[in-house]
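Morning, everyone, and thanks for making time for this. I'd like to walk you through one model, so let me put it up on the screen.

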Amino acid sequence: MHELDFLLNMTLILTIGAASTLIFKKFKLPSIVGYLVTGIILAKYWMGQSGDSHLMVEILANLGLVLLMFCIGMELNLKKLRKAGRLALTVAMIQLPIILIGGYLLGIMMGWDPLLSLFFAAAISGSSTAVVTAVLAGYDKITREEAETIILVTVIDDVVQVLIFSMTAPLLVGSSMDLGSISIMLVSIVGFITVSMLVGLLAVPRALDWIGERMPEEVLLVTAVGMCFALAFASVYIGLSMAIGAFLMGVIVSQSRTAKVIERDITPMKDIFMAVFFISIGFKILPMDIYDNLLMIIIIFLIYVALKMFSVFTAYFVANKTMRVAFISSVGLVVMGEFAFIISKAAYDADIMPHDIYTSIIGAALLSMIVMPIMSRYADTVCVKASEYAPGFLYNGVRKVEKVRSDWYMKMALSSRSTAEKFSRNITSLYLELIALSAMILVFFFTTPILAQTVVDLAPALDPEHGYLIVLAVQFLIYLVPLYLIVNNVKFAEKVMLDKERRAERLGIGDLDSRTSRFHRSMVRTNTWLMVLLFDLLILAVMMINIDVWTHLIGVLSDLIGILSGLIG
């Protein structure tokens with residue numbers, strides 16, 4: 001590319017980007033809005049540029065992506081998370097599954113295919129750490145600890161989105177959904193993340209600390225950035241996204257004592273290339289695209305707001321926080337994060353996401369960044385007005401629900417410390433087991449037809465329906481182990497509930513004859529294997545897709561009878 005073309009393009013990109021950012025900053029909106037609008041303004045001009053110009057911007061945008069992910073990773077301080085992140089982890093553990101499942105199901109309801117729905121759910125699952133931090137910096141309606149919790153939730157959202165992006169990254173480069181590619185994908189992801197974190201945490205912080213004590217700061221910065229690009233290269237080499245390697249190295253570097261120095265020195269460089277990255281996202285959207293897809297933009301925005309506010313509010317409520325704190329916190333997280341752009345762009349470039357949906361997600365993210373500061377400004381006022389003018393039946397209903405929750409926590413406090421710790425570990429194990437089971441169901445959902453065809457290929461005498469039934473029978477057996485662990489943990493939790501109710505009754509504040517207590521007793525008394533088998537059959541019912549339902553059901557029942565006969569024998 002000619003030097004004049006390069007200089008002209010960079011002049012236009014950066015000067016118009018700076019001007020747009022200045023304008024939006026006047027309205028207290030984040031810089032990302034200005035960068036995206038710059039890209040949309042220049043989109044028509046950019047489409048007429050040469051291939052060399054596109055390659056130049058793509059390289060600079062990739063630099064911005066790597067440095068952005070590196071800095072996001074550095075924000076995840078593992079020590080701070082262990083010390084003060086229990087509430088944030090609780091909120092994230094509750095709200096993320098709700099918004100992921102909700103986003104996926106709504107995508108399916110809108111007629112999208114499962115893979116597109118998965119990317120849509122992943123894109124809308126997070127919140128922008130940068131925007132949330134900027135808005136909360138001058139917000140005095142909540143305490144400093146509550147603000148830090150909200151920011152920690154956004155950091156955990158980033159981690160989960162990295163994991164989701166890792167799982168889907170091989171699909172973005174054209175991997176076929178055969179058994180071999182799926183196995184390689186899973187092994188590569190688990191192996192890469194595990195080895196990178198173990199080796200990195202053992203060696204990199206010590207090396208950076210040594211360099212920081214003996215060498216100039218520029219040597220420390222060059223070393224850290226070099227390590228970032230090295231792990232990004234390794235990530236791409238095994239078929240994952242460069243963003244994943246850069247993020248992991250950011251997490252590793254954050255454990256070094258020199259992390260603050262590195263973050264301070266790398267920020268100006270990151271800001272420039274990050275601007276190019278977000279401007280390049282806007283290049284793919286013409287102004288008329290926003291107008292043509294305005295209705296879909298509003299629909300996606302409303303879906304995001306509803307899912308995010310409901311999931312976060314529910315999480316804070318379960319964590320025994322007041323309605324006011326729950327509402328303000330849920331409003332404070334209603335802004336799509338940087339990963340909405342990264343995941344959407346990756347899916348669009350891989351031809352998984354159509355242009356109109358890509359435009360709508362970007363437009364909805366822009367809208368959330370404009371609306372969220374305004375919503376946060378009036379969130380406390382809305383709480384006050386809602387309590388004053390809410391209908392009596394609604395106000396009393398909310399108070400009753402709050403009382404039930406408060407009573408539950410009060411009764412749980414009567415349990416011994418060891419019981420409370422066991423209960424906490426039990427709930428954590430239950431959550432992880434449910435996540436593992438959900439992952440297994442998701443994998444089998446996509447691979448069951450492939451596995452059934454493989455069975456038929458190995459045994460040509462079988463027809464497709466029999467191959468399908470054999471795969472379902474194998475799944476039935478595989479699900480028994482996680483379901484047994486889940487049911488056991490549920491029954492342990494039910495026993496703890498009965499025990500705390502018994503203690504409360506001795507103090508005159510409990511009732512062992514209540515409907516809730518009777519339910520707990522029935523759960524404890526129900527045979528464990530009966531519950532496991534019932535849940536297993538329920539899961540298999542979901543898998544009835546490619547064969548006649550009744551044939552499927554008869555086959556499953558036959559397998560069940562055979563298993564029970566073997567157990568009795």
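**A walk through the helices**

Let's begin with helix α1, where the buried residues are Asn9, Met10, Ile13, Gly17, Ser20, Thr21 and Phe24. Before I go on, please keep in mind that this is a predicted model.

Staying with α1, does its length make sense? What span should its 24 residues have, at 1.5 Å a residue? The expected figure for residues 3-26 is 34 Å, and the end C-alpha atoms sit 35 Å apart, so the two agree. Just after this helix comes Lys28, and its phi is positive, near 60°.

Now let me step back to the whole protein. How many helices and strands does the protein have? The count is 23 helices and 0 strands. Of the 569 residues, 45% are buried. As for the surface, the protein exposes about 27900 Å², with carbon and sulfur atoms supplying 69% of that area. And if you take the contacts between residues at least 6 apart in sequence, 79% of them join residues at least 24 apart.

Here is one residue that shows such a contact pattern up close. Ser280 belongs to helix α12, which covers residues 259-282. Is Ser280 buried or exposed? Its relative accessible area is 6%, and buried means under 20%, so Ser280 counts as buried. Which residues does Ser280 touch, once we leave aside its neighbours within four places in sequence? They are Val57, Ala61 and Lys345.

Let me come back to backbone angles, since Lys28 was one with a positive phi. Most residues other than glycine have a negative phi, and I have two further exceptions to show you.

One is Asn320, with a positive phi near 70°. You'll find Asn320 in the loop that runs between α14 (294-318) and α15 (323-332). With a relative accessible area of 32%, Asn320 falls between the 20% and 50% cut-offs, so we call this residue partly exposed.

The other is Asp351, where phi is positive too, near 60°. Asp351 is in the loop between α16 (338-349) and α17 (355-389). Its relative accessible area is 72%, and exposed means over 50%, so Asp351 is exposed.

To recap the loops, then: Asn320 is partly exposed, while Asp351 is exposed, and each is a residue other than glycine with a positive phi. That's my tour, and I'm happy to take questions.

Definitions and conventions: Residues are numbered from 1 along each chain as its sequence is written. This is a predicted model: local features need pLDDT of at least 70, side-chain atom pairs count only at pLDDT 80 or more; totals for chains, interfaces and linings use all residues. Side-chain values use heavy atoms; hydrogens and water are left out. Helices (H or I, at least four residues) and strands (E, at least two) are DSSP runs, numbered from the N terminus. Buried means under 20% relative accessible area, exposed over 50%, partly exposed in between (1.4 Å probe, protein chains only). Contact means heavy atoms within 4.5 Å. Accessible areas come from the Shrake-Rupley method with a 1.4 Å probe; for residues, only the protein chains shown count as cover. The expected span of a helix is 1.5 Å times one less than its number of residues.
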